[in-house]
Structures are given as C-alpha cells and as structure tokens.
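Biologist: I should like to learn how to read the features of a protein model. May we take one feature at a time, with the general idea before the case?

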Amino acid sequence: MKIISLNVGMPISTLYRGKSLETGIYKSPVEGPVHVSAGGLTGDGQADLVNHGGPDKAVCVYPSEHYPYWEEWLGKKLGYAAFGENATTAGLLETEVCIGDIYEVGSALLQVSQPRYPCFKLSQKHGPADMPAQVLKTGFSGFYFRVLREGELASGSAVVKISTGDGGVPVSRVLHMMEAGRGDKRGLEELVRLSSLASGIRAKFQAWLDAGE
C-alpha cells in the first residue's frame with residue numbers, strides 16, 4: 001500500500017452552468033515532502049468549508065484502482081488528482097478499508113474517518129451531470145483521513161496499517177448508509193456508536209434515528 005501521487009491546490013474561481021463557482025477540486029501532483037497537520041496539507045485549501053476540510057476531512061484519498069473504470073466511462077485519459085484527492089493510492093479500497101483504521105503514512109499517523117460523498121463539482125470538472133450518481137452506484141467514492149500525528153507525506157510514501165477500527169465497518173457500508181440508510185434503524189444505531197466515525201456523519205445518523213421514533 002502506498003501513495004502513488006500526492007496532490008495539493010488552492011481554491012480557484014471557475015464557471016458552472018453560467019455562474020461563478022469557487023472550488024478546491026483542481027489539485028496538482030507534487031513530489032513532497034509536504035507537511036500534514038489536523039488542518040490538512042500545507043499548500044492545500046478548500047472553498048466550501050462547510051462540506052470540505054476540517055479535522056475529520058484533513059486528507060482526501062482516492063484509489064488509483066478506480067481510474068481505468070472512469071477513463072472508460074468518461075472516454076478520456078485522467079491524470080492523478082482528477083477527483084480532487086490529496087492522495088491517489090494503491091491498495092486501499094473502500095470495501096476493505098474500515099472506519100477507524102489507523103495507518104502510518106510517511107512520518108504521519110492517519111485514521112480513516114468517513115467516506116467522501118460525491119457532489120456536483122465532479123460534474124463541473126468532468127462534464128456528465130450524473131457523475132455523482134455514478135459514484136454512488138459504483139461505490140468508487142474515496143474516503144478521508146484525520147491526522148493523529150503530524151508529519152511529512154510524499155509521492156511514494158508507504159501506507160502501513162497499524163490497527164483496525166473497532167467494529168470493522170468498511171467505508172463502503174457507511175457510504176451506502178449515507179445514501180439509503182434513513183430507514184435502517186439497526187444499522188443507524190450501530191453507526192452512531194462508532195466513535196471513530198466523523199462526528200458530522202454520526203450527528204446526521206442520530207437525527208435520522210430521532211426523526212424515525
């Protein structure tokens with residue numbers, strides 16, 4: 001398991017459906033080393049601080065294994081950082097990586113916190129309006145790390161698993177619950193007790209539970 005490409009970038013202004021849009025999805029590969037802290041990678045930024053960034057979304061990860069699928073689906077070659085990810089990785093799939101898993105990456109210690117939920121900015125960057133829906137259909141979402149220990153990351157950094165999260169809940173299952181789990185009381189009850197799951201996601205699941213009572 002390793003980082004194939006480390007990517008950073010500051011928000012830019014662009015157009016979407018004739019209107020100005022500030023977005024941080026346009027990132028570029030860097031060699032590193034780059035310092036990572038609870039606030040994310042040095043030189044990286046987000047435009048929408050409500051839905052992106054913050055301690056539970058410090059590092060956005062996307063598996064390189066999904067790139068061939070999207071290149072066929074989109075009909076074009078994709079460079080790394082195509083999904084706005086900070087780390088394009090090998091060996092870290094959403095069906096296998098679990099919430100709360102802890103990894104040593106470079107000199108940093110990182111913990112899986114939540115799936116990356118797709119938004120319209122993927123459509124803005126790549127074209128198809130149904131791209132977020134296709135991400136949900138495939139489960140090729142990517143995920144986020146929080147930072148437990150600051151350190152340095154670089155392209156080529158090994159990703160070494162230190163421990164497995166309590167409950168062994170894969171990222172793919174949480175993504176499914178975020179999309180279609182509103183009526184799954186048992187599943188929601190399990191996930192709100194998962195302390196390593198991002199607090200915002202647990203709060204959403206708790207609100208769904210409360211609304212169903």
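Modeller: Let us begin with a definition: two strands pair if DSSP finds at least two bridges between them. The structure shown is a predicted model. In this model, eight strands form an open sheet of mixed pairing, in the order β4-β1-β8-β7-β11-β10-β9-β13. The edge strands, β4 (28-30) and β13 (159-163), each pair on one side only. On average, neighbouring strands of this sheet are turned by 40° against each other, direction ignored.

Biologist: How do β1 and β8 run, parallel or antiparallel? And how do β7 and β8 run?

Modeller: The general idea is that strands of a sheet pair through backbone hydrogen bonds, either parallel or antiparallel. Here, strand β1 (residues 2-8) is joined to β8 by four bridges, and the two run antiparallel. I3 has T89 in β8 as its bridge partner. Three bridges join β7 to β8, and this pair runs parallel. In β8, T88 is the bridge partner of Y62. From β7 the chain crosses through α1 to β8, and this β-α-β crossover is right-handed.

Biologist: Which strand is joined to β7 by three bridges and runs antiparallel to it?

Modeller: That strand is β11 (residues 143-149), whereas β7 covers residues 59-63. Within the pair, F143 in β11 stands opposite V61.

Biologist: How should one read the buried residues of a helix such as α4?

Modeller: In general, an α-helix has 3.6 residues a turn, so residues three or four places apart point the same way. In α4, the residues V171, V174, L175, M177 and M178 are buried. They lie on the same side of α4 because they cover an arc of only 160° around the axis. The buried residues of α4 pack against β10, α3 (131-138), β11, α5 (185-192) and α6 (199-212). Helix α4 (residues 171-180) lies across β10 (108-115) and β11, and runs at about 35° to β10.

Biologist: At what angle do α5 and α6 pack, and how far apart are their axes?

Modeller: The angle is about 145°, and the axes of α5 and α6 are 9 Å apart. The crossing in which α5 passes α6 is left-handed. On the α5 side the contact is made by K185, L188, E189, L191 and V192, and on the α6 side by R202, F205, Q206, W208 and L209.

Biologist: What should one look for in the backbone angles of a loop residue such as A81?

Modeller: The general idea is that most residues other than glycine have a negative phi. A81, a residue other than glycine, has a positive phi, near 80°. Its place is in the loop between α1 (67-74) and β8 (87-90).

Biologist: Why does A81 count as buried?

Modeller: A residue is called buried under 20% relative accessible area. A81 has a relative accessibility of 1%, and therefore counts as buried.

Biologist: Where is P118 found, and which residues is it in contact with, leaving aside its neighbours within four places in sequence?

Modeller: P118 is found in the loop between β10 and α2 (121-126). Because its relative accessibility is 8%, P118 also counts as buried. With neighbours within four places in sequence left aside, P118 is in contact with P132, V135 and L136. P118 and A129 are 11 residues apart in sequence, and their C-alpha atoms are 12 Å apart in space.

Technical notes
Residues numbered from 1 in each chain as written. Predicted model: local features only at pLDDT ≥ 70, side-chain atom pairs only at ≥ 80, totals over all residues. Heavy atoms only, no water. Buried < 20%, exposed > 50% of the residue type's maximum accessible area, 1.4 Å probe, protein only. Axes fitted to C-alpha atoms, helices over the stretch in contact; angles between N-to-C directions. Contact = heavy atoms within 4.5 Å. Right-handed = clockwise from strand over helix to strand, strands pointing away. Arc of directions from axis to C-beta. Left-handed = near helix turned anticlockwise from the far one by under 90°.
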